[in-house]
Amino acid sequence: MPDPHRTVPDRVRTLPGWLRLAPAFTIALLIVPVAAGLVAALLPAFGYFPPLGGMGPSLDPLRDVLSAPGIGRSIFLAAMVGLVSSAIALGLTFILLACVWDTPCLSAVRRLVAPLLSVPHAAAAVGLAFLIAPSGFLFRLISPGLTGWDRPPDLLIVNDEWGLAMIAGLVAKEMPFLLLMALAALPALDGSRRRMVMASLGYGRGTGFFVAVAPQLYRLIRLPVFAVIAYASSVADVAIVLGPTTPAPLPVRILEWSSDPDLSTRFMAAAAALVQIVVTLSVLGLWMLGERVAGWLWLKVTTSGLRSGGGPPMRAAGIVLGLAPMLAIALGILLLILWSVAGPWRFPDSFPASLSLRSWMQMGSDAMELTITSLIVAIVPTLVAGVLIIACLEVEQRTGRTGGSRSLLVLYLPLLVPQVTFLFGLQFLSIVGRTDGMIMSVMMAHLVFILPYMFLSLADPYRRFDKRMLQVAAGLGMGFWRQLFQIRLPMMVGPILTALAIGIAVSIGQYLPTLLIGAGRVPTLTTEAVALSAGGDRRALAVAATLQALLPFVAFWIALAVPSFLARHRRGMQIR
Amino acid sequence: MKSMPTDNAALTLIDVMIRLDGRTLIDISATVEPGEVLTVMGPSGAGKSTLLHALAGSLAPAFDLSGTVTMGGEDILSLPAETRRMGLLFQDPLLFPHLSVCGNVMIAIPRAVSKNRHERQDLAEDALTAIGLGGYGPRDPATLSGGQAARVALQRTLLSGPRALLLDEPFSKLDAALRQDMRRLVFDHAKARKLPVVLVTHDPADAEAAGGEIFQLD
């Protein structure tokens, strides 16, 4: 007989002990590469890297970078594009939400977001280029009728020196992400009731949103916004496809220096990677300053009691404005597909004279190999991430210990530190460890970026799961593994497959990790599409970019189709 | 075909105390004889369900639990939830939505009873016939009526060979006529199998139908 007054110590015995290591292991997986990469970029930046003869410490690399021609402009471009594109993307997101919140349109927007989110940055950028270039679709539509042009005008639209095309590309690509985050946060703010309260105070839908919802919504999506800013100020692939070239934004120049056959420029690249952190941090700092100003302005305007909303015409304009960037991406993807099967397609013609599969045939075996590599590099880390995340969430659910806001910050760490910087450091490390160019290393690098997105996608459905189902199962005599594999996972097949599709989409979209850690020896559809974007072969580019866009799309399609099929006779299964 | 041993032991609670943030929610000592019902009553938020979670082994970690619970001399609280054999019934039937009606019952049959798939299926079909749902096996549980689902949930629990039944407002979502039938069905089964029952409810009619000792929470 046990002592009747003892405190019953432990009610999580059901959980296998070793599984409790999962959260710590996952956190290490997120922190260690970022930290190691940062340190490894720091040392050569100050001239210390013995394998290349750098015995430092020295300020020469930094001096070389800062005296490189056009460096000021490169830095300015990176910062400006990052700041402006994020501000516009956030602004349009809020405008769109203000017009559609608490209306049936909201679910239409929700449905639009997922497929657009799956489009990789590079493919979206190439599609946009096909749309707005002087020889692109828009000019073809109005030529020669409106313009009188029978040859492409000599305009610098794509790769323009102010980075406008690049900003457009980033806005279009970041909006779906911000929308997704905002849509996920919106229910917590109880829109319908706020809308009623605001309406009773005489506020229209739009003004009501900005007064009653926007500030809290922004607070909820602040981390994702920061991730967008950090990404946009250090992005390479979109910059290569759409950005200015003489000089290019800083991240592109870091890439150039790091791939220069003259190994001594590696020190410059490291120093520039350091400058990149300063640039990204400065942009984030400026943004936080902007937050203050915006908050002050908001207070001024809202306390003035201004109510006029502009009515339906303003709403319509807002919806068009908000949807335009996303429609541009959709149109761009259609153009990619069209170009990949286009026969002869002379300039003012809106559509190709004939269709042919020649480009696909020509690319055939190459494309097949690239696709297989891309898939392997995507699927393996996605599965690993899936197992780790489920283990973490299971531990969290069974022990009741959520990591709180600190673990959220760890989750966002790889998204907040400029990719180009710590990946560059990791490249140094992998050269030292002779693991560069190995497909394993590339998969490890992808894992770091896949984990956060998959976790964010799976955490909510996992936490919302009706725990009584598991309590009933335990009462029926099912232990931990049976509860997991026979009850929880089958019931969650929808969210799990969605998370896996997100993992694959994120991996397929990764340009820098593939290029830097793969040392150019692990070519994927992404690196190929970006490499081809500089050349003149539109059709080959179209094939590569189409495939790049297609893979995530297929993954999402499977993630929708399979659960619906499995649950076709099971109405009680919630697919979404 | 073997059947699960019925232990027919009393469920004994000795100084079971549940605290949250230093506040005592429940402090109870009681003995529930086989076939008898202990009814725990109280307003919502008083922690009635918490007691069931403690007995079932699914108490949230935020709670502090002390005391002893035994069945036939065995210390229940030191067992993991899945070996306590505490049959749980909630106000929702909580049939597993990804399984068929038959699958829901089959999953509950202990492997000690039968490892053979066909035999398990036959057992499940028989059990469904016994509650007037013969031929319902292949159906989607979501297509059952509230009363049918409640009966499947009860049968599922009974087939798992429980040593005791823990009922968490199990009749509150059924309409009045159905509630009578379900009450009788549950209590008759418990009596026939000599299972001690802990019932948590806020409905005095439940307590009356149960006919056992009443423990009032406030």
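This briefing covers confidence, nonpolar cores, a surface patch and some backbone features of a predicted model. The predictor gives the complex an ipTM of 0.92 and a pTM of 0.90. In this predicted model, local features need pLDDT of at least 70 and side-chain atom pairs count only at pLDDT 80 or more, while totals for chains, interfaces and linings use all residues; side-chain values use heavy atoms, with hydrogens and water left out. Residues are numbered from 1 along each chain as its sequence is written, and chains are lettered from A and ligands numbered from 1 in the order in which they are written.

**Confidence in chain B**
- Chain B averages a pLDDT (the predictor's confidence in each residue, from 0 to 100) of 90, and 97% of its residues score at least 70.
- Over residues 1-5 of chain B the pLDDT is below 50, and beyond near neighbours in sequence this stretch has eleven contacts (heavy atoms within 4.5 Å) in the model.

**Nonpolar cores**
- The largest nonpolar core (a set of buried Ala, Val, Leu, Ile, Met, Phe, Trp, Tyr and Cys residues joined through side-chain atoms within 4.5 Å) has 125 residues, and those with the most contacts inside it are Leu97(A), Phe209(A), Leu217(A), Val225(A) and Leu242(A).
- Apart from it lies another core, of 100 residues, among them Ala459(A), Ile487(A), Ala529(A) and Leu65(B).
- Leaving aside neighbours within four places in sequence, Leu242(A) is in contact with residues including Ala125(A), Leu128(A), Val158(A) and Met166(A).

**A buried threonine**
- Thr93(A) lies in helix 3 (residues 71-100) of chain A, where helices (H or I, at least four residues) and strands (E, at least two) are DSSP runs numbered from the N terminus.
- Thr93(A) counts as buried because its relative accessibility is 0%, given that buried means under 20% relative accessible area, exposed over 50% and partly exposed in between (1.4 Å probe, protein chains only).
- Not counting residues up to four places away in sequence, Thr93(A) touches Met175(A), Leu178(A) and Leu179(A).

**Backbone features**
- The peptide bond from Thr246(A) to Pro247(A) is cis, with omega near -5°, and Pro247(A) sits in the loop between helix 12 (237-242) and helix 13 (250-258) of chain A.
- Asp21(B), in the loop between strand 1 (11-20) and strand 2 (23-32) of chain B, has a positive phi near 50° although it is not glycine, and at 73% relative accessibility Asp21(B) counts as exposed.
- Glu169(B), in the loop between strand 7 (164-168) and helix 6 (176-192) of chain B, has a positive phi near 45°, and at 10% relative accessibility Glu169(B) counts as buried.
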